Amino acid sequence: MYYLKILFCIFLLILTSCSSNIQNNGLTEIKLNKINVNIGKTKKKDLISQYGPPFFESVFNENVIYYVSHKTSYEILDEFKTEKLYVYEITFNEKNIVSNFKKYSKKNAFNISVSDKASKD
């Protein structure tokens with residue numbers, strides 16, 4: 001009976017280590033899709049009060065914030081795989097009113113430009 005318990009524990013450990021784990025970061029996809037932005041009308045404080053603080057703000061331009069929904073999966077001893085990625089880039093004018101709004105997905109997320117300044121070589 002003792003060996004049966006040990007064998008069962010080892011079998012259970014093997015089964016759980018092979019299962020895939022899901023990790024969600026940022027807003028849920030449902031909440032992110034509900035973000036309602038009207039260019040020229042929506043204020044920064046309204047977005048923050050309704051959806052919480054942004055996932056991150058641009059270091060190079062304080063008038064740009066990003067809301068993100070990122071879903072990854074991984075298995076033990078394996079690399080993380082991005083299942084879904086959505087990024088909403090919201091730009092504000094000097095009065096903190098939305099002046100531009102862009103949506104990115106996993107396919108075009110590499111097109112995000114965090115700085116509009118060219119580097120000097």
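Where does Thr91 sit? Thr91 is in strand S4, and that strand comes up again and again in what follows. A caution before going on: this is a predicted model. The protein has 3 helices and 5 strands, and along the sequence they run α-β-α-α-β-β-β-β.

**The overall picture**

- Of the 121 residues in the protein, 25% are buried.
- The accessible surface adds up to about 9,300 Å², and carbon and sulfur atoms account for 56% of that.
- If you take the contacts between residues at least 6 apart in sequence, 49% of them join residues at least 24 apart.

**Thr91 and its surroundings**

- Thr91 counts as buried because its relative accessible area is 18%, and the cut-off for buried is under 20%.
- Once neighbours within four places in sequence are set aside, Thr91 touches Asn63, Val64, Ile97, Val98, Ser99 and Asn100.
- Two of the names in that contact list turn up again in the cores: Val98 belongs to the largest nonpolar core, while Val64 is in a second, separate one.
- Thr91 and Ser58 are 33 residues apart in sequence, yet their C-alpha atoms are 9.9 Å apart in space.

**The nonpolar cores**

- As a general point, nonpolar side chains in soluble globular proteins tend to be buried together.
- Here the largest nonpolar core has 12 residues: Leu27, Leu32, Ile35, Val37, Leu47, Tyr51, Ile65, Tyr67, Tyr88, Ile90, Phe92 and Val98.
- Which elements give two or more residues to this core? They are H3, S3 and S4.
- S4 is the top contributor to this core, with 3 residues.
- There is also a second, separate core of 6 residues, and its members include Val64, Tyr66, Val68 and Tyr104.

**Aromatic pairs**

- How many aromatic pairs does the structure hold? There are 3, and two of them are described here.
- Tyr51 and Tyr67 have ring centres 6.5 Å apart and planes at 70°, so this pair is edge-to-face.
- That pair links distant parts of the chain, with Tyr51 in helix H3 (residues 44–51) and Tyr67 in strand S3, 16 residues apart.
- Both partners are buried: Tyr51 has a relative accessible area of 8% and Tyr67 has 1%.
- Tyr88 and Phe101 make another edge-to-face pair, at 5.3 Å centre to centre and 85° between the planes.
- Tyr88 is in strand S4 (residues 81–92) and Phe101 in strand S5 (residues 98–105), so this pair ties together parts of the chain 13 residues apart in sequence.
- Are these two partners buried or partly exposed? Tyr88 is buried, at 4% relative accessible area, whereas Phe101 is partly exposed, at 22%.
- Back at Tyr51, the contacts outside its neighbours within four places in sequence are Leu27, Lys31, Lys34, Ile35, Asn36 and Tyr67.
- Leu27, Ile35 and Tyr67 from that list sit with Tyr51 in the largest nonpolar core.

**Ser69 in strand S3**

- Ser69 lies in strand S3 (residues 64–74).
- Why does Ser69 count as buried? Its relative accessible area is 8%, so it falls under the 20% cut-off.
- Leaving out neighbours within four places in sequence, Ser69 is in contact with Asn25, Leu27, Thr28, Glu29, Leu32, Lys84, Leu85 and Tyr86.
- Leu27 and Leu32 in that set are members of the largest nonpolar core.

**A positive phi in a loop**

- Asn96 lies in the loop between S4 and S5.
- Phi of Asn96 is near 60°, which is a positive value in a residue other than glycine.
- Asn96 is partly exposed, and its relative accessible area is 34%.

**A nonpolar patch on the surface**

- Which residues make the nonpolar surface patch of about 490 Å²? Tyr2, Tyr3, Ile6 and Ile10 do.
- Ile6, one of the four, is in helix H1 (residues 2–18).
- Ile6 is partly exposed because its relative accessible area is 35%, which lies between the 20% and 50% cut-offs.

Definitions and conventions
Residues numbered from 1 in each chain as written. Predicted model: local features only at pLDDT ≥ 70, side-chain atom pairs only at ≥ 80, totals over all residues. Heavy atoms only, no water. Patch = residues over 30% accessible without salt bridge, like charges linked within 9 Å, V, L, I, M, F, W, Y side chains within 5 Å. Areas by Shrake-Rupley, 256 points an atom, 1.4 Å probe, with all protein chains shown as cover. Salt bridge = Lys/Arg side-chain N within 4 Å of Asp/Glu carboxyl O. Buried < 20%, exposed > 50% of the residue type's maximum accessible area, 1.4 Å probe, protein only. Contact = heavy atoms within 4.5 Å. Phe/Tyr/Trp six-rings, centres within 6.5 Å; stacked < 30°, edge-to-face > 60°. Core = buried A, V, L, I, M, F, W, Y, C linked by side-chain atoms within 4.5 Å.
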